[in-house]
Amino acid sequence: MSEERNGAMHNLICQQRKKINMSGVREVKVFDEESVTLDTVEGLLTVRGENLVIDSFSATSGELFMQGDIQAFVYSSDGGGKGFIRKLLK
């Protein structure tokens, strides 16, 4: 998956559902052993699994390397940072 927006590319390589190499990552929003939410140039990406570990992340280059038992990738539009709770309280 890759697309160009604002001069940045987002690529994701998942190796045997154990290792992830990713580009186009702006920020790590939320992280624990079961879920990692990232702000990418393509919107928010949540990686779900078990024993998730971020090996390295460079905000300068946008590259992220992580590993664990990968179960799912879920992309969503950021919607201007409005999550379910924010919309509910609006």
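Between β6 and β7 there is a hairpin, with two residues separating the strands, and I should say at once that what we are looking at is a predicted model. The two strands, β6 at residues 35-40 and β7 at residues 43-58, run antiparallel and are joined by six bridges. To give one position within that pairing, Thr37 of β6 stands opposite Thr46 in β7.

On the other side of the sequence, β5, which covers residues 25-31, also pairs with β6 in the antiparallel sense, here over five bridges. These strands too are connected by a hairpin, in this case through three residues, and Phe31 has Val36 in β6 as its bridge partner.

Let me stay with β6 for a moment and ask which of its residues point which way. Ser35, Thr37 and Asp39 point one way from the strand, while Val36, Leu38 and Thr40 point the other way. In a regular strand, side chains alternate between the two faces of the sheet. As for burial, β6 is mostly covered, with six of its six residues buried, and that includes Asp39 as well as Leu38.

The loop between β5 and β6 is where we find Asp32. Asp32, together with Glu33, Glu34 and Glu50, forms a negative surface patch. Why is Asp32 classed as partly exposed? Its relative accessible area is 39%, and because the partly exposed class lies between 20% and 50%, that value places Asp32 in it.

Methods: Residues numbered from 1 in each chain as written. Predicted model: local features only at pLDDT ≥ 70, side-chain atom pairs only at ≥ 80, totals over all residues. Heavy atoms only, no water. Buried < 20%, exposed > 50% of the residue type's maximum accessible area, 1.4 Å probe, protein only. Helix = DSSP H or I, 4+ residues; strand = E, 2+ residues; numbered from the N terminus. Pairing = 2+ DSSP bridges. Patch = residues over 30% accessible without salt bridge, like charges linked within 9 Å, V, L, I, M, F, W, Y side chains within 5 Å. Areas by Shrake-Rupley, 256 points an atom, 1.4 Å probe, with all protein chains shown as cover. Salt bridge = Lys/Arg side-chain N within 4 Å of Asp/Glu carboxyl O. Lys, Arg positive; Asp, Glu negative; His and termini not counted. Charge placed at Lys NZ, Arg CZ, Asp CG, Glu CD.
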